[in-house]
Amino acid sequence: MPALSELEHIKDNSRQLRGSIADGLADPVTGAIAEADTKLLKFHGSYQQDDRDLRDERRRQKLEPLYSFMLRARLPGGVVTPAQWLVFDRLAREYASSGLRITTRQTFQWHGILKHDLKPTIAAINHAMASTIAACGDVLRNVVSTPLPVQSAAHAEAYAWAARLSEELAPKTTAYHELWLDGEKLVGEPEPEPLYGRTYLPRKFKIGLAIPPLNDIDVFAQDLGLIAIAEDGHLAGFNLAIGGGMGATHGDPTTYPRLAEVIGFVTPQQLRDAAEQVIAIQRDWGDRGERKHARLKYTLDRRGTEAFKAELEQRLGFTLQPARPYRFEHNGDRYGWLQGQDGRWHLTLHIESGRLVDRDERRLLTGMRELANVHTGDFRLTCNQNVIVANVDAAERERIDAIVAAHGLDGYRRHSAIRRHAIACVALPTCGLAMAESERYLPTILDKLEAQLARHGLREAPILLRLSGCPNGCSRPYLGEIALVGRAPGRYDLRLGADVAGQRLNRVYRENIDEAAILDALDPLFARYAAERLPEEGFGDFLLRGGVLAPPRRIWAEVVA
Ligand code: SRM
Ligand code: SF4
């Protein structure tokens with residue numbers, strides 16, 4: 001058997017995720033905790049980081065890096081009540097450095113929390129009936145689900161499933177209560193983890209649930225994608241799509257983005273067991289020697305999808321039904337007011353890179369707080385880093401519109417189409433893996449692309465742009481019609497050719513180029529697109545039809561209907 005990776009030993013010796021985190025938190029000499037504990041801390045929802053803008057200066061001053069912690073909430077389906085919003089907002093202002101950050105998996109992150117503030121912050125989140133457990137780490141993460149409740153009944157059922165899977169398949173260790181909520185200290189052997197065992201999963205595991213025709217969660221980017229099949233307005237069941245994942249390493253062809261494959265259909269009664277067994281097989285079959293190859297997508301490519309499916313059916317004791325027809329139209333958000341089938345209204349706001357801060361006349365954090373003070377429905381965070389003011393009575397719309405406009409939250413009305421659909425990962429200065437800017441670079445590159453598109457009469461072309469500061473792909477860049485994937489400061493791979501339904505990966509068009517070269521490469525393509533596109537034809541589709549890109553060798557996610 002190949003040697004286990006170091007992290008497997010850390011997990012095994014951690015006494016179910018305790019390690020020496022408590023000692024590290026209590027140590028006043030450093031703003032950090034022990035290296036091994038930083039790995040365990042992720043399972044509790046936090047990453048130790050340092051401000052990379054200040055690294056050199058602090059080194060010169062012989063100071064330790066400016067350590068702080070990023071904290072991520074676990075919010076299944078991205079649902080947040082107004083009361084929770086107000087708590088999260090207060091924590092952002094009291095303890096965090098850069099507001100509230102909506103992530104690409106429809107939850108919140110707080111950056112820049114100092115070590116001694118971590119416990120009160122986590123405790124306050126729990127007090128607000130939310131959690132951070134398993135928001136990160138080698139476990140099932142926050143289960144994402146289509147956030148827009150327009151198909152009201154099916155949506156409510158789908159959300160209930162996201163919440164149930166998130167809850168029931170979460171780790172059971174009491175370490176979380178012990179460390180953050182003053183729970184009783186463990187004496188003797190740690191409690192068993194029925195699903196995860198002593199060493200949890202080989203790698204992170206992600207589940208996402210989409211209700212066609214909206215693919216606003218990028219269902220094919222999930223380890224386990226659930227495609228809800230609605231019949232007569234209710235859920236008949238789910239197609240299972242397995243083995244999606246975005247992460248890759250530059251220059252290492254053994255790592256790659258991959259879209260999930262649809263393997264069959266299960267009824268709602270079968271879903272929980274099916275999800276649990278997919279996770280359990282990955283627990284048992286996943287590569288625990290090389291973390292780079294540990295995600296489910298590599299397990300499938302190593303062992304074969306058919307073998308995996310056979311094992312799943314054998315463990316479940318039933319056969320999956322053939323996949324049911326479905327059709328996805330778009331993986332972006334639908335902005336503005338929409339009415340649900342139950343008559344209630346939902347307003348989707350565009351939040352650039354998901355960052356809610358007060359800056360100049362755009363007082364986004366304050367504006368959302370004002371909304372939370374008066375709103376009687378709930379909020380939904382989207383996987384495109386936006387927020388939906390959901391479940392609004394018709395009579396309340398005017399008041400909400402006024403708060404939105406007064407705080408500059410009405411970008412969805414003013415922004416160009418490419419800006420509305422752009423996603424950028426966090427990257428610098430907090431992300432330790434960033435090779436180039438992403439969120440901070442987005443406004444600059446957007447200004448330039450907007451000018452270029454306007455020259456070609458394409459200001460309202462809804463092109464999907466995605467930026468990532470490294471190939472890990474946190475903005476799901478391999479599903480962008482245009483994507484920039486960071487290589488080095490100021491240098492990116494330009495990738496082109498995904499579709500707008502999240503069903504086709506893009507390809508590298510130019511490698512390791514700077515901004516001038518990016519704009520030069522795109523300009524003639526925009527010119528051709530403006531002149532030659534068919535009605536409603538997306539930019540990615542056009543590049544293929546127009547012969548700019550060769551047809552893909554394999555379409556991972558086929559439309560069944
Ligand atoms: Fe991610 C690691 C931020 C969604 C693939 N991701 C990181 C870390 C924690 C860096 C680290 O390990 O030190 C980043 C923290 C940056 C910071 O300062 O906040 C980070 N990932 C994010 C977020 C905040 C991006 C955003 O701008 O919104 C997203 C948080 C999601 C959440 O709420 O849980 C985020 N990350 C994703 C996604 C998108 C998705 O899941 O839909 C992906 C691609 C899908 C996938 O998992 O394949 C993604 N993140 C990664 C990877 C590559 C994993 C792989 O299989 O290779 C890493 C690196 C790793 O795990 O080693 C990573
Ligand atoms: Fe960091 Fe890379 Fe993820 Fe961006 S894609 S947040 S740079 S790990």
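In which loop does Cys474 lie? Cys474 sits between strand 19 (465-468) and strand 20 (482-488), where helices (H or I, at least four residues) and strands (E, at least two) are DSSP runs, numbered from the N terminus. The model is predicted, so local features need pLDDT of at least 70 and side-chain atom pairs count only at pLDDT 80 or more, while totals for chains, interfaces and linings use all residues. Residues are numbered from 1 along each chain as its sequence is written, chains are lettered from A and ligands numbered from 1 in the order in which they are written, and side-chain values use heavy atoms, with hydrogens and water left out.

Cys474 is a good place to start. Leaving aside neighbours within four places in sequence, Cys474 is in contact (heavy atoms within 4.5 Å) with Thr104, Cys425 and Ser468. The SG atom of Cys474 is the only protein donor of the iron atom of ligand 1, at 2.3 Å; donors here are N, O and S atoms within 2.8 Å of the metal (3.2 Å for Na, K and Ca), and sites may look incomplete since water is not among the atoms.

In UniProt, an unreviewed entry lists Cys425, Cys431, Cys470 and Cys474 under "binding site". These four span 50 residues in sequence, yet no two of their C-alpha atoms are more than 11.0 Å apart, so they gather at one spot. Such positions are given in the numbering used here, feature names are shortened, and annotations may be inferred rather than shown by experiment. Cys425 belongs to the loop between strand 18 (423-424) and helix 16 (442-455).

Ligand 2 has around it, among others, Cys425, Cys431, Cys470 and Cys474, together with Leu433 and Asn472; a residue counts as near if one of its heavy atoms lies within 4 Å of the molecule. This shell holds seven nonpolar, four polar and no charged residues, with Ala, Val, Leu, Ile, Met, Phe, Trp, Tyr, Cys and Pro taken as nonpolar, Asp, Glu, Lys and Arg as charged, and the others, Gly among them, as polar.

Turning to the sheets, one is open and antiparallel, with five strands in the order 3-16-17-12-11; two strands pair if DSSP finds at least two bridges between them. Strand 3 (79-80) and strand 11 (336-339) stand at its edges, each with a single partner strand, so one side of each is left without a neighbour in the sheet. Strand 3 is joined to strand 16 (residues 378-381) by two bridges, and Val80 stands opposite Phe379. At the other edge, four bridges link strand 11 and strand 12 in the antiparallel sense, with Trp337 partnered by Leu347. These two strands form a hairpin with five residues between them, and Gly343 in the turn has a positive phi of about 90°.

A further open sheet has five strands in the order 6-7-8-9-10, with mixed pairing. Its edge strands are strand 6 (144-145) and strand 10 (261-266), each pairing on one side only. Eight bridges connect strand 8 (residues 224-231) and strand 9 (residues 234-242), which run antiparallel, and Ala230 faces Leu235 across this pair.
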